[in-house]
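User: Please take a close look at the enclosed spaces in this structure, and then at the salt bridges between its side chains. I should like one connected account.

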Amino acid sequence: MKPKQPPMNSNLIKTFFVLLFTSYGTNISAQSKNVLWYNKPAEFFEESLVLGNGKMGATVFGGANADKIYLNDITLWSGEPVNANMSPEAYKNIPAVREALKNENYKLAEELNKKIQGKNSESYAPLGTLEINNSEKGKAVNYHRELDISNAVSKVSYEMAGIKYTREYFVSAPDQIMVIKLTADQKGALNFDINLKSLLKSEVSVRNNILVMTGSSPIHENAGYTVSPKYLNIQERGTKFTALVQIKKTDGKITSSRESLTLKDATEAVIYISTATSFNGFDKNPANEGPDDVAIALQNLNKTLVKPFDKLKENHIADYQKFYNRVTLDLGKTTAPDLPTNERLLRYADGKEDKNLEILYFNYGRYLLISSSRTLGVPANLQGIWNPYLNPPWSSNYTMNINLEENYWLAENTNLSEMHLPLLSFIKNLSITGKITAKTFYGVNEGWAAAHNSDIWAMTNPVGQFGKEDPMWACWPMAGAWLSTHIWEHYIFTKDLTYLKKEGYPLMKGAAEFCLGWMVTDKNGNFITSPSTSPENQYKLSDGFVGATFYGGTADLAMIRECFDKTIKASKVLNIDTAFRTKLETALSKLHPYQIGKKGNLQEWYFDWDDNDPKHRHQSQLFGLFPGNHITPSKTPDLANAAKQTLEIKGDETTGWSKGWRINLWARLWDGNRAYKMFRELLRYVDPDGKKTEQPRRGGGTYPNLFDAHPPFQIDGNFGGAAAVAEILVQSDENEIRLLPALPDAWEEGSVKGICARGGFDIEMNWSNKKPQKVIISSKTGGKTTLIFGDKKQEIVLKKGENLEVKF
């Protein structure tokens, strides 16, 4: 018989269960694959939590006494439609550059190449800052701040003077509005005022209890800036913008001053923020050809005010989750402890296991793309849509020698094809200004070209302020060739034949036409580019000269190979343009071949020259391995080995976005453990840029809010890293799908659902001991492919909507 236990103190029982459920609830949050959370407000931009609906962006700091929210609109840029004919005779300098290169006079060629430069891009602008200032100040306790990326809702809660306060934030795509709900658990305890301000030229007023801010973005009178003739007589210039803020209360009293709204003695309130601009397309002057931004903002606000908060939230979540819920990833058991996200990153940086943090980073990449890329013709820029600076790094523009494209590597394979459309429609805009650029800067009368930088106005000219800047980044005309491959990617993942025929193929053909007209032959009769540069890199000659201008760049030719190959395939799919296809096939066969250098590397330069910086962040000569796919370990093993040696020479330490690229490259080389090593390094904790510490953690990695650190923040690393996770799990081309081609030892078991493969297929699988146990392949449009795992192959033929379970 068991001895009778003494009765447990009832307070101890209560304490035990409180601790148990508190620990359990928090652990769910910390261990979640979908929640970023913190135990204090953000002090720096890189600690804030971001929301967006693909047009409007909000950066939430979550302060207790005072909250600050940066507001952005993806269509608010400096400038106006570009005068693409800014330098009609620039192309006349090309023969002299080519002659200097033919004579191996690289120093002269470098100087002459500067004559083929135009204006720099315009800049993405901050719209404004919303401030919520509490009337009662005090010390907040039990503070919690989170972003749940499974529903795109952020929350803040804390206690002050015995009162619990909560805030809930989201930015709705269906209702085009930002909503903030504030509550207090004591009647009449909500007391705050709201104000708006902007770094741009603006005015703030209150009308009918609506806080109104109107303003305009600047016209950059930078060197060489010229106004399009039809806009010369327009006095008002620039994109106009409006922000409207209104409070909807349940109790309390709303008052206003000249530039602020005040709510007193309330228990619950909802704040609505509506923004709009006068942008009306890349070729329309926003000053006199744009829509009425005030009317649009007011219309969206009024439509929203009549809907209950719960309905707005329901609409927002349903809209968001139809994209987000398509993919789920699990990597097996985790023993990581309960910690805020910034502390999880620090722990992870010390080499500890946290599989759910790895999944969270992948999911966060998809979240950011859904939140920043839903406006046709205006893709996500260097900072997505979240920019607080009047002069942001690199103008927060479209950098098209890697960064813009990297933003969209995860669009198709992680089942977010709709988010690819803003880039694809932007390419169409580029093709229009690019026809003029091809003629005036490069002397090519067919097709279209685009260069290193662009902006919302689809600028395509080579930058450099008309001869003032270094050719190593300013003089590069291959963006059209690179971007054209995105068109094929969209088709081959979706099998959208209508898109390919009506929109895609003409753009691909135009990019290929430019390449045909731009190339010349070398002394061996092979096609090369001249002049050429390899993005942002330089060579070093034996006489000590360091330069960027040369001929026959490997990166140029890799992009042209990929452009020609995909355009040929598109022509065959559509059964059109036989003569042009033949021309491409002939040119493709005559391209200067890849060269393997003395170090076993894939040569970047036409000759086996040394790099000025052997560990340079760009690896453009490896384009054919990734994002292209004409170099593979199975089909071109010698080139794949040379690509591997190139990466070995460069090493693993590099900027955030470059790490994202290299992870994908190692995955394509089927080296899962090396890819995983670099993935862990991509998640290395980096201190916010403005934070002063005794031992600051800097370099490429991840900020406390999971933003990518170039540094500074660039969103491309987030997108590249997320894309690499998918690339580790599934790789495909037009004819085959490889399962777990680069699975690291650390992910020996797991499951994934919703990953897409080329050919219009979706993959669901689970694996154990690094081997697939159950695979379900489904077809969107019907088709055939070969499913591969290791040395096992299985032919698959499916009708539209069919799926098949496969076991290996």
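Analyst: In this predicted model, the structure holds 7 cavities of 30 Å³ or more. The largest cavity has a volume of about 240 Å³. Its lining comprises 20 residues, and those closest to the centre are Trp409, His486, Glu489, Pro627 and Arg758. By class, the lining of the largest cavity divides into 7 nonpolar, 6 polar and 7 charged residues.

Three helices each supply at least two residues of this lining: H9 (409–413), H12 (479–494) and H14 (554–574). Of the elements that contribute, H12 gives the most, with 6 residues.

Helix H14 also carries a salt bridge, in which the side chains of Asp565 and Lys569 meet at 3.1 Å, N to O. Because Asp565 and Lys569 are 4 residues apart in helix H14, about one helical turn separates them. Asp565 is partly exposed, with a relative accessible area of 24%, and Lys569 is likewise partly exposed, at 26%.

A second pair lies within helix H5 (residues 309–324), where Lys322 and Asp319 are 3 residues apart, about one turn of the helix. Their side chains form a salt bridge of 3.6 Å, N to O. Asp319 has a relative accessibility of 11% and therefore counts as buried, whereas Lys322 is partly exposed, with a relative accessible area of 47%.

A third salt bridge brings together the side chains of Lys780 and Asp762 (3.6 Å, N to O). This pair links distant parts of the chain, 18 residues apart: Lys780 is in the loop between strand S31 (771–779) and strand S32 (783–789), and Asp762 is in strand S30 (residues 761–768). Here Lys780 is partly exposed, with a relative accessible area of 32%, while Asp762, at 18% relative accessibility, counts as buried. Elsewhere, salt bridges that share partners join Glu648, Asp652, Glu653, Lys659, Arg674, Lys677, Glu681 and Arg684 into one network. A search of the whole structure finds 43 salt bridges.

As for confidence, the mean pLDDT of the protein chain is 94, and 95% of its residues reach 70 or more. Over residues 1–30, however, the pLDDT is below 50, and this stretch has 13 contacts in the model beyond near neighbours in sequence.

Methods:
Residues numbered from 1 in each chain as written. Predicted model: local features only at pLDDT ≥ 70, side-chain atom pairs only at ≥ 80, totals over all residues. Heavy atoms only, no water. pLDDT = per-residue confidence, 0-100. Contact = heavy atoms within 4.5 Å. 1 Å grid on protein atoms, 1.4 Å probe; cavity = no way out; pocket = protein on both sides within 12 Å on 5 of 7 lines; lining within 4 Å. Points joined across faces, edges and corners; volume = space filled by probe spheres on them. Nonpolar A, V, L, I, M, F, W, Y, C, P; charged D, E, K, R; others polar. Salt bridge = Lys/Arg side-chain N within 4 Å of Asp/Glu carboxyl O. Buried < 20%, exposed > 50% of the residue type's maximum accessible area, 1.4 Å probe, protein only.
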